[in-house]
Amino acid sequence: MSRPLVRLVGPAVGLVAFTGSLGVVCAGLAPAALAATAPPTATAPPTAAPVETAPATPAGEVAEILPVPAEGQTQIQIGAFNDLHGRLEAPDETDDGAPVGGAAQLAGALDALRAQQPNTVAVSVGDNIGASTFTSFIQQDEPTLEALNAMGVAVSAVGNHEFDKGYADLTDRVGVDGESGLAGFPYLGANVLRADGSPAMPAFATTDVGGVRVGFVGVVTSATPSLVAPDGIAGLRFTDPVEAANRVAAQLSDGDTANDEADVVVLLAHEGSEGTDCEEVRTTGRFGEIVQGASAEIDAILSGHTHQLYDCEFPVEGKQAARPVLSAESYGTALDRVVLNVDDATGEVVAQAHEVVPVQGFAPDAEVQAIVEEAVAFAAEEGARPVGRITADVTRAFSGAEDDRGTQSPLANLIADAQLQQTRGAGAQIALMNPGGVRDDLEFTASGSEGDGVVTYAEAAAVQPFANSVVTLTLTGAQVRQVLEEQWQPEGSSRPFLALGVSDGFFFTYDPAAPAGQHVTSVTLDGQELDPAATYRVTVNSFLASGGDNFTTLAEGTERTELGRTDLEAFTAYLGLPENQPLTADQEPRSAVAAAVPAPTTPAPTASAPAPVPTTAPTAAPTTAPTSSAPAAPTRTTRPSATSSRPASAATGRLANTGTDVAPYVATGAGLVFIGGFLIATSRRRRPGA
């Protein structure tokens with residue numbers, strides 16, 4: 001089937017003809033989550049007979065979920081995915097070993113959906129690229145874009161990760177108009193403006209689906225400036241997504257054909273709920289504002305960014321059918337499916353049904369499979385090269401099964417050590433690493449034939465996927481202390497606390513209950529308290545150096561020098577040093593909650609100074625932690641190593657609790673973004689925190 005004509009509005013306005021098939025793309029969903037998913041939901045006019053719930057559809061099949069429309073009505077279908085993040089290979093599998101997702105199976109699901117309903121259009125809700133697996137990352141996500149083109153994606157919202165390598169890369173290399181870059185589909189961002197208020201990219205696209213004119217409006221999270229390197233988006237403004245969406249929806253519904261019109265308006269919102277309960281989806285956070293604030297002209301909302309699964313609908317005053325609101329988690333393992341019956345005369349949606357479909361059991365598409373196999377072969381050759389050896393697992397911090405960016409981790413500290421060693425020539429004394437830049441673990445057990453303890457280039461690249469440059473800059477001691485204070489994020493941030501990794505010899509204590517700006521109680525370098533007036537050379541990646549993640553004080557650094565290699569190159573060079581063969585990473589925390597000063601039980605006979613705050617990490621007894629039971633206290637921990645023992649009790653490699661209740665936040669889009677290509681290569685599926 002030919003892809004229909006798509007009309008873009010924004011910069012590069014015009015008619016763009018596409019060839020290829022219309023598709024339905026799929027979004028990630030764990031099998032366990034799918035098992036808990038409600039059956040398809042269908043709504044009809046109040047006078048219509050109720051629609052019976054269909055039985056569960058076998059894996060790999062697509063069933064009818066909305067009856068054939070009455071005469072004078074047309075049925076259309078929308079398939080959507082979100083947060084694909086370059087997952088060309090299947091990121092998960094069922095209990096019996098069958099693949100879940102994978103680009104070729106996604107394409108097979110598209111074929112099945114088109115066969116069931118020819119009036120089908122495939123769309124994305126952003127973060128197609130960035131935070132990608134090694135297979136896609138090693139070629140700057142070109143294979144992923146090629147696969148999406150082959151799937152027949154008609155249009156995509158822009159995600160925050162699309163800005164990973166900067167606005168210029170997005171517009172010049174990736175392309176936003178569907179014809180001048182690698183992407184054969186337009187990227188939409190109605191709330192992305194230039195400094196003068198002009199559109200920075202197309203706001204919407206309209207397309208004909210079975211004779212029904214469908215308008216897609218794209219918006220991205222307004223938090224994007226804090227999620228990507230500021231240098232890469234200089235001169236851009238990310239405005240209120242509700243205002244932008246409603247403004248464009250009104251334009252598409254005003255009866256003026258000169259500015260384009262649509263029968264059906266669908267909002268592609270790269271913003272999402274942190275919860276899955278429909279009432280929470282409707283009422284909480286930035287996404288709740290979108291759900292409640294979206295105008296009546298918007299017929300459906302497809303969302304992403306938070307990597308969650310929800311399948312909801314909400315009544316809209318004046319509408320015959322409720323408005324579907326869906327999100328299909330991440331990584332292409334499931335898809336949002338929305339079926340609409342539309343009145344031909346009025347363009348009104350008179351009935352609708354929706355579900356989240358697992359991408360399991362579908363026959364792989366041969367064309368896309370060939371793209372994947374070529375990318376896998378290239379990545380295998382590049383990624384198999386050994387770069388070093390480790391003696392035990394080196395991990396991020398975890399809260400349950402999710403990585404915990406609110407707790408300092410051994411792996412973030414190791415990266416800081418690597419960057420410090422690599423920049424000693426620039427006078428570096430301290431190195432800091434943001435937790436969102438650590439995207440996987442180094443595991444002792446071999447992932448392939450390289451042997452236990454061997455770290456391959458692909459494994460190192462999975463940890464450090466962003467290809468940032470490494471920057472050394474000068475800060476005063478007072479500024480260094482302020483950087484540590486900025487770990488407590490501004491009110492309203494998606495994560496209230498981000499625990500920096502710090503290099504060896506640097507240590508700080510803090511009071512989690514102190515007022516904002518007064519948390520840090522001591523800061524030492526090699527055992528000596530930092531002098532607020534003295535200057536220090538500090539190494540960070542370019543994301544942090546430009547003030548990313550709200551570490552704005554780092555952007556004030558002076559006398560900047562660049563290493564001349566990426567953070568991944570610095571990391572692999574450090575892992576390969578002869579003295580690090582093999583490397584044993586420091587598992588001890590490099591920060592601690594400040595010790596409380598006990599109140600005297602009797603009046604002191606003479607004035608005395610309060611007890612000093614410890615300035616070095618406590619030393620634990622060399623005992624061994626239990627091998628199988630989880631700690632009873634609900635403190636955040638690092639993932640246990642399978643090959644090394646840990647000290648017992650509170651100093652077991654469990655890092656100091658921040659004192660802040662940080663709920664797991666599974667969003668890649670909320671994930672931190674860097675100038676440079678993203679990558680996550682994992683031997684098992686794991687949600688990135690954004």
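Let me start with Arg 385, which in this predicted model lies over the face of Tyr 457, at 5.0 Å from the ring centre. A second arginine is placed in a comparable way, and here I mean Arg 87, which lies over the face of Tyr 331, with 3.7 Å to the ring centre.

Now, please keep Tyr 457 in view, because its ring also takes part in an aromatic pair, and its partner is Phe 134. What is the geometry of the pair formed by Phe 134 and Tyr 457? The ring centres are 5.8 Å apart and the planes stand at 85°, and since planes over 60 degrees apart count as edge-to-face, that is the name we give to this pair. If you follow the chain, you will find Phe 134 in helix H3, which covers residues 134–137, and Tyr 457 in helix H12, which covers residues 457–463, so that the pair links distant parts of the chain, 323 residues apart. As for their surroundings, Phe 134 is buried, and Tyr 457 is buried too.

Let me turn to another pair, Phe 163 with Phe 238, which is edge-to-face as well, with 5.4 Å from centre to centre and 85° between the planes. Phe 163 sits in the loop between strand S8 (155–157) and helix H5 (167–174), while Phe 238 belongs to strand S13 (residues 236–238), and therefore the pair ties together parts that are 75 residues apart in sequence. Are these two residues buried or exposed? Phe 163 and Phe 238 are both buried.

By the rule used here, the count of aromatic pairs comes to eight. There is also an aromatic cluster to look at, made up of Trp 488, Phe 497, Phe 508 and Tyr 510.

My last topic is the disulfide, and the structure holds one. Which cysteines does it join? It joins Cys 278 to Cys 312, with the two sulfur atoms 2.1 Å apart. Cys 278 is found in helix H8 (residues 278–283) and Cys 312 in strand S16 (residues 309–314), which means that this pair ties together parts that are 34 residues apart in sequence. The torsion about the S-S bond is about -90°, and so the disulfide is described as left-handed.

The two cysteines can also be described by their exposure: Cys 278 is partly exposed, with a relative accessible area of 28%, whereas Cys 312 has a relative accessible area of 1% and is buried. The cut-off behind that wording is that buried means under 20% relative accessible area.

Notes: Residues numbered from 1 in each chain as written. Predicted model: local features only at pLDDT ≥ 70, side-chain atom pairs only at ≥ 80, totals over all residues. Heavy atoms only, no water. Phe/Tyr/Trp six-rings, centres within 6.5 Å; stacked < 30°, edge-to-face > 60°. Helix = DSSP H or I, 4+ residues; strand = E, 2+ residues; numbered from the N terminus. Buried < 20%, exposed > 50% of the residue type's maximum accessible area, 1.4 Å probe, protein only. Lys NZ or Arg CZ within 6 Å of the ring centre and 35° of its normal. Disulfide = S-S within 2.5 Å.
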